[in-house]
Structure formats: C-alpha cells, structure tokens
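Hi,

Here is the structure I promised to pass on. Have a look at it first, and my notes follow underneath.

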Amino acid sequence: MIKKDLSSFLLYTFSFLLLWEWLRPIEQLTETDHIETFIIFLVISFALSFFQLKRIWKYSIKTIFILYSINRIHFVEGFFDSTWIKAFFKDLTDNLGLLAARSWNDLSNEFRTLLFFILLWLIVYLLNYWVLNRKRIFIFFFMTLVYITVLDTFTPYVAKAAIVRTVVAGFAVMGMLTYYRIIKKENVSGEPTFLRKWMVPLAVMISLSVLVGIVAPKAAPIWPDPVPYLTADNDKVPERKVSGVHRIGYGTNDAQLGGPFIGDNNPVFRYEGNGKNYWKMETKDRYTGKGWLASGTTPITFRQEDLVPVFSVPETVETIKESARVATNPAYNFNYLMYPAGITKVLKMLPEGNRFEIDTTNERISLFDNDNTPSVPSVFTVEFEVPKYKAKDLVQTKSFNPTSINEEFYQRYTLLPAKLPPRVKELAEEITASKTNWFDKAKAIESYFGKSEFTYDQKNVAVPDTNDDYVDQFLFETKRGYCDNFSSSMAVMLRTLGIPTRWVKGFTGGDFLQYSDENLGNQIYEVTNNNAHSWVEVYFPNQGWVPFEPTKGFSNQININYESSGSGSNNQATTTPPVKKPQQEEIDDTDTATDSNKFFDVKRIWAESKLFFNNNWKRMVLMILLFSAVAGILYRIRGKWVPYSLLAVYRFKKKDESIGAAYLALLDQFDRYGLKRKKNQTLRNYARYIDSFFSTREMSRLTAIYENYLYHQNLPKGTWKESYELWENLIKKTIA
C-alpha cells in the first residue's frame, strides 16, 4: 500500500491529468456539454480514493453527485422535488428496456448521462487498481497516446499541447510507480533522501525530453492532412439535420425543423444599452411544411452611418430613440450582424473600412471588407427606434385592403403549402371566432399556446415523417416542443386566416451582468447560444411589422398603450407591460421608491447577491472543491509541517512564560503522533512513558520545569532559553 503523502498525491494528480486528456476532445468533436461537471466528478472520485474513505461513503458521495448533476442538467425541478426523481426512475426503466431491445438511438439524454458517469466511475476504479495494487499504468498511458494522436490525425482536434501534457504525466506516473515497485521488491529503505535521489533525475529527464521535443526541428509530413478530405462531404450537409440531437445556437438552414437539442452556454455577444432587447438575425417568409425558406434574395449595399434600408417603424407610430453597443465573442464566426427591431443606423464598426449588405428579402445584414470577403463583426453600435404602439391603431385592420397593402406583398406573406391539413385552418378559425380584427385574432392565437396542454420541451421533440406537416404534428399530435414549434404554428395559423406573417430568428435579451461604468443607467447583458430563439411578426398596414411571442414561458415585452383602445376584448390582460430595467425586475417597485435613498438596502443587496451567485456558482463550487482538497491534503500531512510551524513560532519567543503554551503544544503533537495520554494519567507518568518510547530523559526534565511553572507561576530568568533545546528535540521526534 502506498503511503498517503505528497508523492502519492502527485501520483493521483498525474493519473487524473491522463484521464482528463480523454475528456478534452469530447466537447469539441461531439455534442456533449457540461464537461466541467464530469471533470468535477473525476476530482471527487480521485480524492475519495486518495483519502481511502470507507466504501459506503465513497458510493454515497458519488451517487449523490451523479443524481444532483443529472437534475441540474436535464430537469427544471429542484433537487429535493420528488417529481423529477419519479420521472427519472421511470425513464431509467424505459431505457433499460431499450437497451435489451438494442435500440441504441432511442436512449434518452438522461440515461446517456448516467451511463457516462458510470463509465468514468469504472475507469477511476481501474486506474486506482493499476496504480495502487499492480503499480503499472503503461497500458493506459499508451492507449491515451494512441487516442489523442488518432484524433489529431483524423479529426479537427489539435493535440499538440495534449501530447506534451500526456508525455509529462505518463512518464511521471511510470517513474514513480517504478520507484514503489523497487521499494517493495528489493525491500529498500524508503527514506526521503532515497526518494529525492530517484525523483530529481526523473524530473530532469522528463523536462529535458519535453524541451528537446519542442525545440528540435520536425520533418515535414509524408502524407497530406486527411481531415479536409474526410470533412469535405460534411460541408455539403445542411446545418440542421432531419433527425438526431442538435446543439442549440444560430444557424442559417431551417429547411428541416424538429428534433431534440442540447444546451450550449457559450457566449455569443455582449451589449450595453438601456434595458433588454430581442436581437434579430434574419426572417423567413416561405413555409414548406417541414421548415422555412427565404423566397429570394435582393441585396442592397450601404455604408457605416447610412440609414439602414430595412422596413422600419412607420412615421405614424410614436417611437423612442435608443442605442446599444455590441461586442461579439471571439468564437463568433458569422459575418452577420445582430440588431434590434427598428434599426436605423450602424456606427463605430470594428474592423473599420468595411461595407454592409442587407438582403431585404430576409433582412439579414452581412459585413464584407473592401475585397468582398466576408468579415466577422467585432464591435459596433446600433441606433434603433422602440415603437410605442396604441391599441386603438392596432385594431383598425379587419381584412385585406388592396389600397393599403400591395397585393404581391400580401400573397407572399400569406402563402401556404397546398398540402397543409385543413384542420389547421379549422382550429385557427375556432380560436378566433369571436374576434373581428387582425390584432385581436393574433393575440387570441398567441394566448392559445399558453394552455396547459402545450409543453415547452427541448429533448422529447418529434421530427415529422415524410407525410407529416411540421405544424400539424405539433398542434394535434405532440403538443410538445420549443420556440420553432410555437412560432411556426402561430405564423401558419394566422396565414390560414389571411393575415400576413413572417418567421423571425435571432436571440432573446440574454442575462444581466452588471451596470455600465461608463454610461450611468445603462446595463450590460450577455447573450449565449442558449438565448437563440424564434418568434413571429405580423404585418399591420398602419403599424408595420409587430412582434408576437407565442412560445410558452417567453415574453417579448412590447409597449402597447390600451387607453381608449376601442377593442371589444380585454387585450390588456394578455399583453406584456413595457420593458423593465433589471433593478425593477429584481426589486419590488414600491420598495425601490421608498428605499432608494437608503445607504443600506437589504433587498437590493440580496438581489445583487443572487445575481452574483447565479453568474459565478461554477467558479465558487470549483474553488470550494479545490480549497477542500488542499485543506484535506494539508490535514493529512500535518505531521510534516505542523511541527516545523511550531518550531518557527517559538524560536523567537523570549519570555519564560512561553513554556506553558509550548508544553501544551508538545502534548498535542504527541497525541497526533499516536502517543496518547491515558485518562487520569499524571504528567510525570506520561513523561516517563515518552522517555521510554524514545529512549531519552528529555521529557521528564521538561515536565519538571513545566510543573514548577504551573504551581509557582514563576521561573528563574532564562529558563525558557535553556529548556528550548529540550522542547525542540522532542518536537522533532513527532515529525511523521
């Protein structure tokens, strides 16, 4: 058995680093997310093995962590809510049946996550067996090298740094295990001096090998890189496949909608402005029965600070002028601009010297350099107008009027597939039977999706078969899906009523990060791939394109004034109020008004604390785990450093009274060392026991001095200086 000291800790650390190399390519090459959760699980598993806890504790801690992780990744209910546990175990039972039937593709994401945790658990167990019992790890080291080199050769994964890390960790582990095998086989002393004689040359050898490998010239490859040939066919595949699990985020191909997806918390951009906004990327106008297409392309070029040639808010609608500064993430690789509805100008663009091109058919704004090469936007400012609609104006349109709407335009935005099932129109007519104008009909259908029979779900989402219509399947069969299902259904249902609609893609407003340091009153938000979204815009002749949000659980927060609306329906109850700033959302309005002048606002501090925790909980958990690991290691090896700390503290003590505290500290160290003082045992008897154990009389002499101080509270001057050597010799004997 290997002792649990610094050397064995390094052994476990290098083993963990080897196993980590197997996880690094997974997130890049597959659709697996939340890799940090699995890494934390590995840290916990190796720590439990290092500290050699009892099996019951090991199994309990790992099982609780696995269940908590599955709950956090796949379920919206809290960890202590019994509903998710019942659903998970039912899902577990169903998937065991699928395993028996060898229906691998039908396994749920929850079950796949559980299997991955079990796999990691088994690998850690095998590593622990190889390291501790067999003291051999070459096979795993060799397999790791083969794994990363094959991925580097045949996939886009770049393993230059991974190979260096693997060589360092692998040779370090093998060298240390060889040392332990020699100690056991040859019965050689394992003193620290012998350990240093072995480990120092090992470290030098590894360092020189890695250094030479890095700086030495490399021969050119004999064969060309196979990755471009292997991926050439994949580049022709549409971004969105018909089936399988997708990763959430913006993409340009929406010809085939449906199927589950997994979350992606990677940031796309940040923006600074006065409140949240939905951010548009493009619109689609042609519904095919399976997805959406743009009916054509009409590009128009414009320059920075020009008015953006897009159908903006009509002059008849009152607006509020706003601006926002956008900074895209370095990983963003599209040359398209994200922008709020009502955009008027693009300013302060980086990189500079570029031109813009807008396709007025789908309203997608692209960025090109002077050589007509697509250029990814880095930082820019958009000016836009936020409309303030009036309900009395929205309810004026009751039917198509050729004098107010171009007939070609009207036909384009009410076009539907010839094979659309008639029951879609019948349902739309049933929902809007009591409504007389376009706006009330749109609000009625928007509200219809809020019923309990519809469920927002990202995982168990159907893919329409060849003879199925995407919208019809959602409305009448599954009633389960995400934004694409809800928005497409509303747009198509309104078109069956002769109301012009279009499908809009972009991002929701993101998460509040902080208040701006430069512009007081502005807020900074971060938008991630998880904020990718789709919604509906309805055209009203006197109001332009008005956004609607049918997706359950979402709100676009448009500004509508219902005073003197003249509408026969109570629309106010179904429309979201004006946009609130973050401080209005997080703190009750009345409390804000009364406490705004207080220096110590408890509710504000609580809200900011919750926001800080939500944004930084992963780092906090990681820091707690690291702190716990370091604290556990320090406690485990306290026999090596605590005596030296005491020696450093008392070396500079001058007062004779210091012997009292020093003697008690010595007793604590003997107790830790294993020489425990029995109950009711006198100090003199205990001192004789210590002296007999170490074959000395130093403890008895020091005890006599301590008893003289204890009973008389007075010592001859210089006593501590004379007795310090006795105390120091005894303290050193407790170093483990």
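**Two sheets and a well-covered helix**

Arginine 355 stands opposite phenylalanine 368 in strand 11. Before going further, keep in mind that this is a predicted model.

That pair belongs to the contact between strand 10 (residues 355-359) and strand 11, which run antiparallel and are joined by 5 bridges. Both strands sit in an open sheet of 3 strands, ordered 7-10-11, with antiparallel pairing. Strand 7 (299-302) and strand 11 (364-368) are at the edges with a single partner strand each, so one side of each has no neighbour in the sheet. On average, neighbouring strands here are turned by 25 degrees against each other, ignoring direction.

There's another open sheet to look at, this one with 4 strands in the order 4-15-18-19, again paired antiparallel. Which strands stand at its edges? They are strand 4 (279-284) and strand 19 (544-548); each has a single partner strand, so one side of each is left without a neighbour in the sheet. The average turn between neighbouring strands of this sheet is 35 degrees, direction ignored.

Within that sheet, strand 18 (residues 532-540) pairs with strand 19 over 5 bridges in the antiparallel sense. If you want a spot to zoom in on, valine 536 has phenylalanine 548 in strand 19 as its bridge partner. Helix 15 (residues 483-496) lies across strand 15 (501-507), strand 18 and strand 19, and it runs at about 15 degrees to strand 18.

Now for the helix I'd like you to look at: helix 13 (residues 438-448). Of its 11 residues, 10 are buried, so the rest of the structure largely encloses it. The buried set includes Trp438, Phe439 and Ile445, but also Asp440, Lys441, Lys443 and Glu446. At the start of helix 13, asparagine 437 has a side-chain oxygen that reaches to within 3.2 Å of the backbone nitrogen of phenylalanine 439.

What does helix 13 meet in helix 12? The axes of helix 12 (residues 422-431) and helix 13 come within 9 Å and cross at roughly 110 degrees, which means that helix 12 is roughly perpendicular to helix 13. Leu427, Ala428 and Ile431 in helix 12 meet Ala444, Ile445 and Tyr448 in helix 13. The residues of this contact are 6 nonpolar, with no polar and no charged ones. Ala444, Ile445 and Tyr448 are also among the buried residues of helix 13.

Cheers

Methods:
Residues numbered from 1 in each chain as written. Predicted model: local features only at pLDDT ≥ 70, side-chain atom pairs only at ≥ 80, totals over all residues. Heavy atoms only, no water. Pairing = 2+ DSSP bridges. Axes fitted to C-alpha atoms, helices over the stretch in contact; angles between N-to-C directions. Contact = heavy atoms within 4.5 Å. Buried < 20%, exposed > 50% of the residue type's maximum accessible area, 1.4 Å probe, protein only. Polar contact = N/O pair within 3.5 Å; in protein donor to acceptor, adjacent residues only side chain to side chain. Parallel < 35°, antiparallel > 145°, perpendicular 65-115°, else oblique. Nonpolar A, V, L, I, M, F, W, Y, C, P; charged D, E, K, R; others polar.
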